Amino acid sequence: MEKPKISPSQLKLFGKCGIQYYYRYIENIIIPPSASLVVGKAAHKGIEANINSVIATGEMLPVVACEDIAATAFNDFLKEENAISNEEKGQALERTREDVS
């Protein structure tokens with residue numbers, strides 16, 4: 001019988017919450033991330049692009065550019081993770097734009 005392989009992320013989740021570990025790795029039930037997590041990740045991408053611009057050129061990106069980068073990241077995360085319902089999508093996208101500007 002082959003030994004089960006446990007990754008560092010599995011151990012971290014087990015230490016954080018045994019129930020989450022059970023559902024994810026034993027029952028194979030994947031709980032999508034919350035709208036807040038998707039908004040935060042997308043806003044981070046817009047802010048990160050602005051900081052990288054300041055480092056590279058000494059100038060900030062226009063707010064509209066940061067918002068567009070964040071909105072694109074938001075939509076990309078939704079495609080990858082199928083994270084939130086359509087009801088939440090509009091509100092979450094608006095929060096993303098507000099967080100960046």
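The largest pocket of this predicted model holds about 350 Å³ of space. A pocket is found on a 1 Å grid over the protein atoms alone, as an open set of points where a 1.4 Å probe fits, with protein on both sides within 12 Å along at least five of seven lines. Its volume is the space filled by probe spheres set on the points, which are joined across faces, edges and corners.

The model is predicted, so local features need pLDDT of at least 70 and side-chain atom pairs count only at pLDDT 80 or more, while totals for chains, interfaces and linings use all residues. Residues are numbered from 1 along each chain as its sequence is written, and side-chain values use heavy atoms, with hydrogens and water left out.

Lining residues have an atom within 4 Å of a point. For the largest pocket they are Ser9, Lys12, Leu13, Lys16, Gln20, Tyr23, Arg24, Tyr25, Ile29, Ile30 and Ile31. Helix H1 (8-16) and helix H2 (18-26) are the elements that give two or more residues to this lining. Helices here are DSSP runs (H or I, at least four residues), numbered from the N terminus. By type, the lining has six nonpolar, two polar and three charged residues. In this count Ala, Val, Leu, Ile, Met, Phe, Trp, Tyr, Cys and Pro are nonpolar, Asp, Glu, Lys and Arg are charged, and the others, Gly among them, are polar.

The loop between H2 and helix H3 (35-57) contains Asn28. Asn28 is not a glycine, yet its phi is positive, at about 55°. Most residues other than glycine have a negative phi.

The table compares four residues by relative accessible area: buried means under 20%, exposed over 50%, and partly exposed in between (1.4 Å probe, protein chains only).

| Residue | Place | Relative accessible area |
|---|---|---|
| Ile26 | helix H2 | 49%, partly exposed |
| Asn28 | loop between H2 and H3 | 57%, exposed |
| Cys66 | helix H4 | 6%, buried |
| Phe77 | helix H4 | 11%, buried |

Helix H4 spans residues 63-81. For Cys66, a residue of H4, the C-alpha atom is 6.7 Å from that of Ile47, although the two are 19 residues apart along the chain. Phe77, also found in H4, is 14 residues from Gln91 in sequence, and their C-alpha atoms are 15 Å apart in space.
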